[in-house]
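Here are my notes from going through this one. Have the viewer open while you read, since the points jump between chains.

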Amino acid sequence: MAGLSKYFIAIFIVFYTFHCFAVFSYRNDEERRVFYLFQNVLMVLTHVLGFYVLCVRKEDSSLIFLCVFEEILFFGFIILFRVIYPEASRLVTNNICMLMAIGFIMLARLSYTRAIRQFVVAVIAMAAALIIPWLMQKIYLVRYRYWIAGIAGLAVLLFMMTIGTVTNGSKITLTIAGVTFLPSEFVKLLFIFFVAGMLTDEEHTDPNTGRVDTPQLLASMMIAMAHVGILAMCKDLGSALIFFVVYMFMLYAAMRMPIVLIGGTAGMAAASVVGYRLFAHVRNRVRAWRDPFADIESSGYQMAQSLFAIGTGSWFGLGLAAGSPQSIPTVSKDFMFAAISEEMGGLTALCVILISLSNFLMFMNISMSIRDMYLRLMAVGLAVNYGFQVILTIGGVTKFIPLTGVTLPLVSYGGSSVLVTLIGFAVIQGLYITAGNMEDVGPYEDEYDYHDEDAYDEEDEHRHPYRGYR
Amino acid sequence: MRKRELWTIVYIFLAIFLAMTGYFIYNVQFGAKAVVNDDHNTRKKDLARQVIRGSIYAADGTILAEEALNGEHQEIRNYPYGEIFAHVVGFSTRGTTGIENAADIDLLTSNAPVGEKLQKEMAGVRNTGDRVYTSLRPDLQMACYSALGPYNGAVTVMEAKTGRILAMVSKPDFDPNTVSENWAEISSDDDNSPLVNRATQGLYPPGSIFKMVTLYEYMKENPDTYTDYSYTCSGSITADDSTIECYHGSIHGQEDLLTSFADSCNTSFTNIGLMLDIPKLSDTADRFLFGRVLPTDLAYSRSRFSLNSASGTKQIMQTAIGQGSTLVTPLHIALITQAIANDGMMMRAQEIVKKTNYQGTLIKEYQPEEYRRIMTAEEAEVLTEYMKEVCNTGTGKKLKGLSYTVAGKTGSAEFGNIKGQSHSWFTGFSDPDDPDIVVTVIAEGAGSGSEYAVPAAKRIFDAYYGVH
């Protein structure tokens, strides 16, 4: 049974992933509901079967308890979220659980203690995720106080620069009472709130063009570059890159100018060259990317191990606990994707990419359904942050691009990452609910015209008292 | 913020995701094999726990390597031919070498029927890995093994038109059946280095074999006048205080290019070497794969060639006749010879012909593969004529008057500091009009090429053509 399990797991995950995309073709809510339920069943089957194999292969029956607790957590989260926020996107909720289930299986396989710690963080994070959509109703409280988010974020980063410790050569961490945080993860959320508020502030917006005025634009740029600069100075180039890209796409969406993307990409290219010249670890990673086998004993080791893992695993994998993922340095964080590919197989790994893509598309879908510019831009920021992070980590692990040392959201080990990602997902759900409420108002045009906004605002005002408030 | 910008963002990300997904799919499906087969991949051990290593077969269907049970019912790797195929087939019991290494991932992959595979996986029984069929011929291999006699060295037999290896012997050897048990002894024998496959990894001075390159270069630089070349050999030639003598003090007298080559006249070829355009010679050496990657799956050493425009007269003189700092592997010489036989087109050296599952169902056939054209068909034809003359009137005339004709070149590569000590080289191919096989022999310290390597090659050609 354990021998065949890898095929079953792969089939479950493929079916699950199929429904991530097929669900869009069903206009009927009743039909969708059945599919969402089916996804939940597949998730449970995958998770339970994975743990069963681990129990057999590792001869460790205590894993059963972990499995049961995790199932309780998933069920609790799915049911509570459904009850409290019936209008929330079930696809997003399902995907959170599926990705976490895959991550839980691999973590239990790699390190029992880490699996337990991840579980504890997940409990906290899911509890937080349950409150956040409700908190989003109070978003007007911070809407025009975006400066607080921007300055608080910068302050945290500056504080970190002075007292934080550097791990892995390029990550600043802060340890409080035995718990280690990655502050840059939390600052990312503040940053998105800040940029969204800044670039949609009506007070600074030209009513004719719908773009913010130059002082506002320059101020946002300066604060954004300050974030990126501090992170670069801390050698956390992966985070610096994510902040930059998030800002670039948010600015593009808000200013509606393609030059932002062109200029931003050119700027990134220039910064890459500077980074390459300046930092030895960047040069090492570029070298390992170009030919990991040239220097397989040192700089290419990690990359080569990852490629061995993916290649040896082939489509169906070596089977859980039947490969050697622990030979990849930092496997449970940056290289989780390679471990999944090795033991659960390339097919499952491919599905992880597609589920992540489905999340990104869902986020963008949500952003398009929101007509409030502030909330829409926030959704865009969160979507880009998530999508880009997935590209960086999976692209890095598969040698598509040089490695940046970013974790795979929801799947990799790492408390801060899980917490922040789940908060981000919950915010999106909050936005989705808000958007859902607004949809009753009436149809909106594809080419949404800024000039009409006043009309909508008036119409909306009685339903959403916070809109238009200062 | 219109929807158009949001769609643009969606499309940008979608494009990157698709490219990344495509890259991943391509690598898992097509790129993985080369990566997985890398010696540094320790995960092959994980595969070996799930698959019974497949067998390796000779061209005639006899087994060269298989999994078997010993007296204590332990699983062992059995090599029926013992030391005879030790290097080319290799072993998998202490690391992997030879074909065991080149086909490692194939042997550890099971393409058994899906139903049976699933059944075994369910029962927790290992599946059987695929079979690898080689082009190696045990009859020729044994002929090569005995032809080399008591000497250390290497013999390679290659199909002239396909580049397929029919036999490859290296001595001294070892028994692959017991290599793991005797590892300490075998691996520490630095005097003989029995683990080294001399055919692919042994670096030897080419001696007069290199005159094929010098000759080629002279003809290429003087396309209209090379037939007018004339030189009077007085037994030695001196330039800038360096002197080169003919082998064993021979004096060849009046010669043209053809007789210089046939008699392997050192002084004449030194004279030619001094007339060559050195950067062009260097380009030719490059094209002939000196210092380059060789088209083979077996572990090999790169040949060395270090002449450039700054080289001194002495170095040029020595290099022209294959002494100096040039070093070659026998396989490299075999490949150059093969290219000459095959109208200038070098083929990939192939040992693996096909792959089947353990029941014999064909999985993949490997067609002969052109690697690179190193000279034109016309140039190859002229070189062939010159090499025929070697076996007709020159140093290889022991190969004259047989049921088959041979075009070849001998070499006596001096090594060490004792005068007159040399490795005995021969490389050549049979039936130049419609070439059959390429035979390359080197016998360490066996004297001149015509003394030992030519008769050894004759016995191998005889075995191939069934002459006794």
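The numbered points below start with confidence, then take each chain in turn and end with a few backbone details.

1. First, the usual caveat: this is a predicted model. Chain A comes out with an average pLDDT of 85, and 89% of its residues reach at least 70. Among the elements of chain A, the highest mean pLDDT, 95, belongs to helix α14 of chain A (residues 336-343). The lowest, 40, belongs to helix α18 of chain A (residues 453-461).

2. Please watch residues 439-470 of chain A, where the pLDDT is below 50. That stretch still has 52 contacts in the model beyond near neighbours in sequence. Predicted coordinates should not be read in detail where pLDDT is low. I'd keep that in mind for helix α18 of chain A too, with its mean pLDDT of 40.

3. On to the make-up of chain A: there are 18 helices and three strands. Of its 470 residues, 60% are buried. If you take the contacts between residues at least 6 apart in sequence, 73% of them join residues at least 24 apart. The accessible surface of chain A is about 18,000 Å², and carbon and sulfur atoms account for 66% of that.

4. Chain B has another make-up, with 17 helices and 19 strands. Its C-alpha trace spans about 80 × 75 × 40 Å along the principal axes. Chain B has 468 residues, and 53% of them count as buried. As for contacts in chain B with a separation of 6 or more, 67% come from residues 24 or more positions apart.

5. Now the surface and charges of chain B. The accessible surface is about 18,800 Å², with 49% of it belonging to carbon and sulfur atoms. For electrostatics, chain B carries 42 positive and 57 negative side chains. The centres of those two sets are 7 Å apart.

6. One sheet in chain B is worth tracing by eye. It is an open sheet of six strands with mixed pairing, in the order β4-β3-β2-β6-β14-β15 (chain B). Which strands sit at the edges? They are β4 (75-78) and β15 (362-365) of chain B, each of which pairs on one side only. Strand β3 of chain B (residues 63-69) runs antiparallel to β4(B), and four bridges join the two. To find the register, start from B:E66, whose bridge partner in β4(B) is B:N78.

7. Is A:H227 buried or exposed? The residue lies in helix α9 of chain A (residues 214-233). A:H227 counts as buried because its relative accessible area is 1%, well inside the cut-off of under 20%. Leaving out neighbours within four places in sequence, A:H227 is in contact with A:G150, A:G153, A:L154, A:L157, A:V187, A:F191 and A:F243.

8. A:T407 shows that a loop residue can be covered as well. It belongs to the loop between α16 (373-397) and α17 (415-439) of chain A, yet A:T407 is buried, with a relative accessible area of 11%. What does A:T407 touch? Not counting residues up to four places away in sequence, the list is A:K333, A:D334, A:Q389, A:T393, A:S412, A:Y413 and A:S417. A:S417 is ten residues along the chain from A:T407, and their C-alpha atoms are separated by 7.6 Å.

9. Two residues in chain A have a positive phi without being glycine. One is A:K235, with phi near 70°, in the loop between α9 and α10 (237-255) of chain A. The other is A:T330, with phi near 55°, in the loop between α13 (301-313) and α14 of chain A. What about exposure? A:K235 is partly exposed at 37% relative accessibility, and A:T330 is partly exposed as well, with a relative accessible area of 30%.

10. Last, a cis peptide to look at in chain B. The bond from B:K171 to B:P172 is cis, with omega near 5°. B:P172 is in the loop between β8 (165-171) and α8 (183-187) of chain B.

Definitions and conventions. Residues numbered from 1 in each chain as written. Chains lettered and ligands numbered in written order. Heavy atoms only, no water. pLDDT = per-residue confidence, 0-100. Contact = heavy atoms within 4.5 Å. Buried < 20%, exposed > 50% of the residue type's maximum accessible area, 1.4 Å probe, protein only. Areas by Shrake-Rupley, 256 points an atom, 1.4 Å probe, with all protein chains shown as cover. Lys, Arg positive; Asp, Glu negative; His and termini not counted. Charge placed at Lys NZ, Arg CZ, Asp CG, Glu CD. Pairing = 2+ DSSP bridges.
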